[in-house]
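Let's take a walk through this structure together. Have a look at the sequence and the model first, and then we'll go through the details.

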Amino acid sequence: MSDMTMEQKLQLVQQVRSRYNENQYDMYNRERILCGESLHRSNRLGDDIEKTEMIGRVSFFKVRFLFALLFFLTIVVMDTNNIKVAGITVERIYQVISADYEEKLEVWMETLADSYNNPQR
């Protein structure tokens, strides 16, 4: 190693860094494929971008949670006071929520599979 010139050492360091970055990229893609999202984000983008992404996710979750809470409270108030909204009763809402769509989904999937297997040209 002492026989190496400074330029050779720099090339070796660049090669090692390049290989490390390729390995990180490959690992990120594998995690994304297996888990849907990387468990360990690459530091190449920086911590500021990750914090911004997390803030956006948290606030979107808060909005969804708020809507779900408002919907739940509306149902409870409608149920306790026997209120109809646009002719819709609480019983009808319960029916729609508890409906079993499994058979309709199976028919739809069969139709989709048939159209994929036998495309009409």
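What follows is a tour from the overall fold to a few single residues.

A word on ground rules: this is a predicted model, so local features need pLDDT of at least 70 and side-chain atom pairs count only at pLDDT 80 or more, while totals for chains, interfaces and linings use all residues. Residues are numbered from 1 along each chain as its sequence is written, and side-chain values use heavy atoms, with hydrogens and water left out.

Start with the big picture. The protein has four helices and zero strands, and along the sequence that reads α-α-α-α. Helices here are DSSP runs of H or I with at least four residues, strands are E runs of at least two, and both are numbered from the N terminus. Of the 121 residues in the protein, 6% are buried. Buried means under 20% relative accessible area, exposed means over 50%, and partly exposed is in between, using a 1.4 Å probe and protein chains only.

Now go to helix H1, residues 6-35. Side chains of opposite charge can pair when their charged atoms come close. The structure holds one salt bridge, the term for a side-chain nitrogen of Lys or Arg within 4 Å of a carboxyl oxygen of Asp or Glu. The partners are Arg-19 and Glu-22, whose closest N and O atoms are 3.9 Å apart. Because they sit three residues apart in helix H1, about one helical turn separates them. Arg-19 counts as exposed, since its relative accessibility is 52%, and Glu-22 counts as partly exposed at 40%.

Next comes helix H2, which spans 47-81. How many aromatic pairs are there? The count comes to one. The rings of Phe-61 and Phe-65 have centres 6.2 Å apart and planes at 25°, so this pair is stacked. (Rings of Phe, Tyr and Trp, the last by its six-membered ring, pair if their centres lie within 6.5 Å; planes under 30 degrees apart are stacked, over 60 edge-to-face, and the rest tilted.) The two residues are four apart in helix H2, so about one helical turn lies between them. Phe-61 is partly exposed, with a relative accessible area of 47%, whereas Phe-65 is exposed at 51%.

Those two rings also belong to a nonpolar surface patch of about 580 Å², together with Leu-69, Phe-72, Leu-73 and Val-76. Patches take residues with over 30% relative accessible area and no salt bridge, joining like charges within 9 Å and nonpolar side chains (Val, Leu, Ile, Met, Phe, Trp, Tyr) within 5 Å. Phe-72 is in helix H2 as well, and it is exposed at 52%.

Step past helix H2 and you reach Asn-82, in the loop before helix H3 (90-98). Its phi is near 50°, a positive value in a residue other than glycine. Asn-82 counts as exposed, because its relative accessibility is 68%.

The last stop is a negative surface patch, formed by Asp-100, Glu-102, Glu-103, Glu-106, Glu-110 and Asp-114. Glu-106 is placed in helix H4, residues 102-117, and at 42% relative accessibility it is partly exposed.

Key
Accessible areas come from the Shrake-Rupley method with a 1.4 Å probe; for residues, only the protein chains shown count as cover. Lys and Arg count as positive and Asp and Glu as negative; His and the chain ends are not counted. The place of a charge is taken as NZ of Lys, CZ of Arg, CG of Asp or CD of Glu.
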